Amino acid sequence: MDSDTERLYDSSLENENEEQIIVNNDAVSIATNSDGARSFPESSISIKRNKLFILEPAVFLVFLAFNLSGAVFQNILLYQTCVYVYKYNISDCQPLLGVQRESAEVQHIETQIQPYVVRILMAISLLESIIPAIVSLFIGPWSDKYGRRPILLTTFSVPSVMSGGTCALITGIYCYISDVAKAKSRALRMVLNEASLCAGMMIGNVLTGYIYEATNAFTVFSISSTLLFLALLYVYAFVVESLKPEQIMTAGNSKIREFFRLDLVKDLVQTCTKRRPNYDRIIIWLTMMALTLALFVMAGDDNVSYLFVRNQFQWTLKDYTVFNATRIIVQIMGSIIGMYFLRKASFTELENGFSLYFNFYFSFYVKMFQFSIVGMTLISLASCVFESTVRATAIYWWELYLGLTLGLMRGVMGPMSRAILSHVAPATEVGKIYALTTSLESLSPLISSPLYTIVYNATLSFYPGAFNFLSAGLYLLCYTFIAIIYGIQKSMGENATYQAIGR
């Protein structure tokens with residue numbers, strides 16, 4: 001069967017005479033007669049209006065929680081290492097909590113203890129990578145058979161090490177969006193999800209410094225836990241299953257036992273490696289490698305960035321969180337600019353994707369350029385290369401903010417890349433491809449964390465920002481992968497699938 005006809009929401013479903021409402025895990029159809037009158041089955045009378053296909057509020061809460069506690073945790077590690085490992089006086093170590101600026105003496109102490117803290121962070125990163133990488137292999141195939149909602153509930157409730165981590169959460173979210181969004185609005189919905197994610201990160205980064213300074217670490221972690229619980233309640237109460245009832249299999253055994261069947265992994269590998277028409281398999285693998293490498297850079301960079309700015313620019317926690325918040329605001333603005341002014345989007349796409357969120361932006365929409373999905377991915381990766389290069393050569397703190405402007409479009413890389421996958425692969429295989437991508441992304445910190453730790457520790461005394469050159473080089477490699485896809489798309493423009501990613 002042609003991949004274009006295997007979509008859950010194909011073009012025939014976009015006809016105005018056909019509609020579908022999915023509520024309470026049941027598909028309720030609206031029949032349209034030839035005279036335009038519509039008849040509802042009796043079962044539709046009990047539709048619960050509180051069931052939604054909107055995950056963005058839960059995504060916002062989760063990443064708000066993560067970013068409230070992330071930087072505080074690193075400060076506590078620095079302080080505890082200073083007091084209990086290196087046996088310095090509590091008064092000498094107090095500035096390492098990040099509330100007040102450091103003296104020259106404290107900076108010298110921090111230079112001594114940072115390598116030890118970096119190794120702890122590396123160990124945590126490895127722990128959060130190994131089990132999630134294994135779990136992620138099973139998530140996609142299992143959710144294709146038994147539904148997306150159980151995966152979402154699990155990743156929102158179970159500790160990240162056991163449930164597949166943040167990557168598994170993102171995979172479940174993108175699988176869900178691929179199910180419920182029509183083909184022409186799918187990329188926009190993915191960008192909207194990314195904007196919710198970034199908004200949570202931004203507000204978390206802004207608030208954490210102020211809350212931590214006014215209270216203590218216990219209060220910050222308590223608030224973070226409460227937000228995670230609210231996110232779980234939202235998913236449980238409001239988010240419905242995205243697959244149709246006839247698409248969900250009935251497990252003969254326990255669904256938990258079915259989760260760990262090795263034939264699911266075998267099926268996943270076969271799906272991702274099988275021969276496909278034209279250059280589809282090459283496009284899928286190049287996109288997966290670009291996504292994996294991009295997360296490889298992010299994981300390694302996150303391990304050492306905070307320590308880098310503390311050492312290079314003597315930043316406090318508040319300085320760092322304000323910078324991160326600014327970075328995220330710039331990314332959100334870049335995403336909006338990209339989808340409104342650079343992306344070839346129609347008003348129909350905007351209505352499908354933004355009507356619930358950004359109606360007030362419609363009057364400002366001007367279609368100035370018409371970059372394709374692949375073109376937008378190239379622009380975002382070029383932004384990543386420029387930003388990393390500026391950070392690597394920064395001598396003054398304001399140069400980091402200059403780099404933010406060059407990285408304006410970096411936020412659309414993930415959504416656009418996953419949109420490529422969702423267009424090239426049939427809907428019945430998207431979950432498996434996302435799962436393997438997630439597993440590769442989860443494994444990437446196993447290499448990136450030690451690599452960035454070694455580079456940072458080796459250059460700490462004479463060039464703390466050298467690791468940013470490594471980031472720029474890897475982003476350039478990602479750019480090369482997507483450039484190859486761009487060339488394939490241009491040479492095969494007559495194919496319907498390639499037209500989808502080229503417009």
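Reader: Is W398 buried, partly exposed or exposed, and how do I read that from its relative accessibility?

Author: The label depends on cut-offs, since buried means under 20% relative accessible area and exposed means over 50%, with partly exposed in between. In this structure, which is a predicted model, W398 has a relative accessibility of 47%, so W398 counts as partly exposed. As for its place in the fold, W398 lies in helix α15, which covers residues 398–406.

Reader: Which residues form a nonpolar patch on the surface with W398?

Author: The patch consists of I395, Y396, W397, W398 and L402, and together these residues have about 600 Å² of accessible area. For the protein chain as a whole, the exposed surface is about 21,700 Å², of which carbon and sulfur atoms supply 63%.

Reader: How many of the residues count as buried, and which of them touch the most other members of the largest nonpolar core?

Author: Among the 503 residues of the protein chain, 54% count as buried. The largest nonpolar core has 117 residues, and those touching the most other members are L55, L152, F156, V235, V309, M416 and Y456. Helix α11, running over residues 280–313, gives the most to this core, namely 16 residues. Because domain 1 (51–240 + 254–260) and domain 2 (274–348 + 363–494) both give residues to this core, it lies between them. There is also a second, separate core of six residues, and V135, W142, I151 and L264 are included in it.

Reader: Which residues is V235 in contact with, once its neighbours within four places in sequence are left aside?

Author: Contact here is judged by heavy atoms within 4.5 Å, and on that basis V235 is in contact with L55, A58, R149, L152, L153 and F156. Across the protein chain, if one takes the contacts with a separation of 6 or more, 80% of them are between residues 24 or more positions apart.

Reader: How many salt bridges are there, and which residue forms one with E429?

Author: A salt bridge is recognised when a side-chain nitrogen of Lys or Arg is within 4 Å of a carboxyl oxygen of Asp or Glu, and by this rule the count comes to eight. One of them joins E429 to K274, with the closest N and O atoms 2.5 Å apart. This pair links distant parts of the chain, 155 residues apart, as E429 is in helix α17 (residues 427–459) while K274 is in the loop between α10 (262–273) and α11. The two partners also carry different labels, since E429 is buried with a relative accessible area of 10%, whereas K274 is partly exposed with a relative accessible area of 36%. R276 belongs to the picture as well, for K274, R276 and E429 are linked in a network of salt bridges.

Reader: Where do R391 and D301 lie, and are they buried or exposed?

Author: R391 forms a salt bridge with D301, the closest N and O atoms being 3.5 Å apart. Since R391 lies in helix α14 (residues 373–393) and D301 in helix α11, the pair ties together parts that are 90 residues apart in sequence. R391 and D301 are both buried.

Reader: Which residue forms a salt bridge with R327?

Author: The partner of R327 is E387, and their closest N and O atoms are 3.1 Å apart. Here R327 lies in helix α12 (residues 317–342) and E387 in helix α14, so the pair ties together parts that are 60 residues apart in sequence. Both of these residues, R327 and E387, are buried.

Terms used: Residues numbered from 1 in each chain as written. Predicted model: local features only at pLDDT ≥ 70, side-chain atom pairs only at ≥ 80, totals over all residues. Heavy atoms only, no water. Core = buried A, V, L, I, M, F, W, Y, C linked by side-chain atoms within 4.5 Å. Buried < 20%, exposed > 50% of the residue type's maximum accessible area, 1.4 Å probe, protein only. Helix = DSSP H or I, 4+ residues; strand = E, 2+ residues; numbered from the N terminus. Domains from an automatic or database assignment. Areas by Shrake-Rupley, 256 points an atom, 1.4 Å probe, with all protein chains shown as cover. Patch = residues over 30% accessible without salt bridge, like charges linked within 9 Å, V, L, I, M, F, W, Y side chains within 5 Å.
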